[in-house]
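Thanks, I will keep this brief. Let me put the structure up, and then we can walk through a few places in it.

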Amino acid sequence: MLMTVILRHDQSKTVDEINAHLDKTGFRKNFPPEGVEILSYNIVMGIGHVITLRLPADKLRPVNLAIERGAWGGFRSEFYPTYDYLQIYQGQRAEALKK
């Protein structure tokens, strides 16, 4: 499965304070958990970190725990399970263009 994780900055903290928190909690060492692939990792100004992961369903809990143990305190987290629709869309678009 795919999952989009949004880590919204705690704007009461400076970037240095957030980075110190991530260092203290070991977030960068522990995220992503083994067996989870980061497909994209972007900083979106005004929002925070937007990360797209590919993971087997049984890795959902380890991903959640890695965020809870490492990112909480510097970020608010949001999780959005997703699936890759591009190939389906491209097929539907090709059919529509034929008409």
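I'll start in strand β4, which is where E78 lies. Keep in mind throughout that this is a predicted model. Is E78 buried or exposed? Its relative accessibility is 18%, and buried means under 20%, so E78 counts as buried. What does the side chain of E78 pair with? It makes a polar contact with the side chain of Y80, at 2.5 Å. Setting aside neighbours within four places in sequence, E78 is in contact with T4, V5, I6 and R8.

V5 is a useful link to the next topic. Not counting residues up to four places away in sequence, V5 touches E78 and F79, and also H49, V50, I51, L53 and I67. V5 also belongs to the largest nonpolar core, a set of 16 residues. The residues with the most contacts inside that core are V5, L7, F27, F31, L53, V63 and I67. Which elements give two or more residues to this core? They are β1, α1, β3 and α3.

Now helix α3, residues 60-70. Its buried residues are V63, L65, A66, I67 and G70. V63 and I67 came up a moment ago, among the core residues with the most contacts. As a general reminder, an α-helix has 3.6 residues a turn, so residues three or four places apart point the same way. What covers the buried residues of α3 includes the strands β1 (2-9), β3 (48-54) and β4 (75-82). The cover also includes the helices α1 (15-25) and α2 (27-30).

Next, the aromatic rings. How many aromatic pairs does a search of the whole structure find? It finds two. The rings of F27 and F31 have their centres 5.0 Å apart and their planes at 15 degrees, so this pair is stacked. Both F27 and F31 are buried. The other pair, Y83 and Y85, is edge-to-face, with 6.4 Å centre to centre and 75 degrees between the planes. Y83 is exposed, at a relative accessible area of 64%. Y85 has 37% relative accessibility and counts as partly exposed.

Last, helix α4, residues 86-98, which is the place of R93. R93 is partly exposed, with a relative accessible area of 45%. How far apart in space are R93 and G70? They are 42 Å apart, C-alpha to C-alpha, and 23 residues apart in sequence.

That is what I had.

Terms used
Residues numbered from 1 in each chain as written. Predicted model: local features only at pLDDT ≥ 70, side-chain atom pairs only at ≥ 80, totals over all residues. Heavy atoms only, no water. Phe/Tyr/Trp six-rings, centres within 6.5 Å; stacked < 30°, edge-to-face > 60°. Buried < 20%, exposed > 50% of the residue type's maximum accessible area, 1.4 Å probe, protein only. Helix = DSSP H or I, 4+ residues; strand = E, 2+ residues; numbered from the N terminus. Contact = heavy atoms within 4.5 Å. Polar contact = N/O pair within 3.5 Å; in protein donor to acceptor, adjacent residues only side chain to side chain. Core = buried A, V, L, I, M, F, W, Y, C linked by side-chain atoms within 4.5 Å.
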